[in-house]
Every structure is written in C-alpha cells, then in structure tokens.
Amino acid sequence: MLAIWFLADPFFHPINYRACSVLVQEECTQMDYKGQKLAEQIFQGIILFSAVIGFIYGYVIEQFGWTVYIVIAGFAVSCLLTLPPWPMYRRHPLKWLPVQDSATDDKKQQDKKSKKHK
C-alpha cells in the first residue's frame, strides 16, 4: 500500500521536483537541509543499534544468520522512517527570493551598462 502511494503521488517523482516551488511551502514534499541531517542521524542510529543487537543475539545463540536477519530488519525499519518525506523532516523550509520579471531584469542591466559607459 505504501509503495502504491509513492507511485501515485505526482510530486514524489524526481521529474516533478520543481513543482515544489509552485506549491505553498507547507504542502511541499521535499526535505529541508536540517531534515536531511536528522534523517541521516536516525538512519545511522537504527543501523548501528540493530547491528549491535544482532551481533549479541547471534553470538549468544551461535547463529550468524540471525545477526543478518536482525540487521536487515533494522535496515527496513530505518528506510521506512527516513526515506519518505515525513512532516518532521520539513520543519525548516527554505526562504526563496520572490520571482522577478525577466524583462525588468534586462532593463536594469541595460541601464547599468549605459551608466558605466557614460
């Protein structure tokens, strides 16, 4: 069900990453920089925790396979928590500059050039 949501969401697709600027910032589906840092820390913490628990459990029962299963389960949980752009990763949106008309920009540049040459 979760995979279907990702495929059905038009703003999740990498081609539509520019659609974020069209939407209101609260509805944006992209992580901000602080959210990316938090996601990375959570991902690494879960992987480390599952590796330690898996190693200890595998050592105690003398089955390396269980170590691998626990690490894979930790990886799956960390992916579920960090890959989707959950709202906790979008708390610090970027402040974008307002859109300027290109004709106005061209006029200003021509005025600056003409003033320099006088």
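Start by selecting F55 and Y59 in this predicted model. Both sit in helix α2, four residues apart, which is about one turn of the helix. Show the side chains and look at how exposed they are. F55 has 54% relative accessibility and counts as exposed. Y59 is exposed too, with a relative accessible area of 63%.

Widen the selection to L48, V52, F55, I56, Y57, Y59, V60, I61, W66 and Y69. Together they form a nonpolar patch on the surface, with about 1100 Å² of accessible area. Which helix gives the most to the nonpolar patch? That is α2, with eight residues. Colour α2 (33-61) and α3 (64-82) separately: each supplies at least two residues of the patch.

Pick V52 from the patch. This residue lies in helix α2. Is V52 buried, partly exposed or exposed? Its relative accessible area is 41%, and the partly exposed class runs between 20% and 50%, so V52 is partly exposed.

Stay with the patch residues and select Y57, W66 and Y69. These three form one aromatic cluster.

Now turn to ring pairs. A pair of aromatic rings is described by the distance of the centres and the angle of the planes. The count comes to four aromatic pairs. Select F43 and F75 for one of them: the centres are 6.1 Å apart and the planes stand at 75 degrees, an edge-to-face pair. Where do the two rings come from? F43 lies in helix α2 and F75 in helix α3, so the pair ties together parts that are 32 residues apart in sequence. Check the surface at both ends. F43 is partly exposed, with a relative accessible area of 25%. F75 is also partly exposed, at 42% relative accessibility.

Go back to F55 and Y59 for another ring pair. Their centres are 6.2 Å apart and their planes lie at 20 degrees. Planes under 30 degrees apart count as stacked, so this pair is stacked.

Finish by colouring the chain by pLDDT. The mean over the chain is 79, and 64% of the residues reach 70 or more. Select residues 1-19 next. The pLDDT is below 50 over this stretch, and beyond near neighbours in sequence the stretch has 12 contacts in the model. Then select residues 21-26. Here too the pLDDT is below 50. Beyond near neighbours in sequence, residues 21-26 have six contacts in the model.

Definitions and conventions
Residues numbered from 1 in each chain as written. Predicted model: local features only at pLDDT ≥ 70, side-chain atom pairs only at ≥ 80, totals over all residues. Heavy atoms only, no water. Patch = residues over 30% accessible without salt bridge, like charges linked within 9 Å, V, L, I, M, F, W, Y side chains within 5 Å. Areas by Shrake-Rupley, 256 points an atom, 1.4 Å probe, with all protein chains shown as cover. Salt bridge = Lys/Arg side-chain N within 4 Å of Asp/Glu carboxyl O. Buried < 20%, exposed > 50% of the residue type's maximum accessible area, 1.4 Å probe, protein only. Phe/Tyr/Trp six-rings, centres within 6.5 Å; stacked < 30°, edge-to-face > 60°. pLDDT = per-residue confidence, 0-100. Contact = heavy atoms within 4.5 Å.
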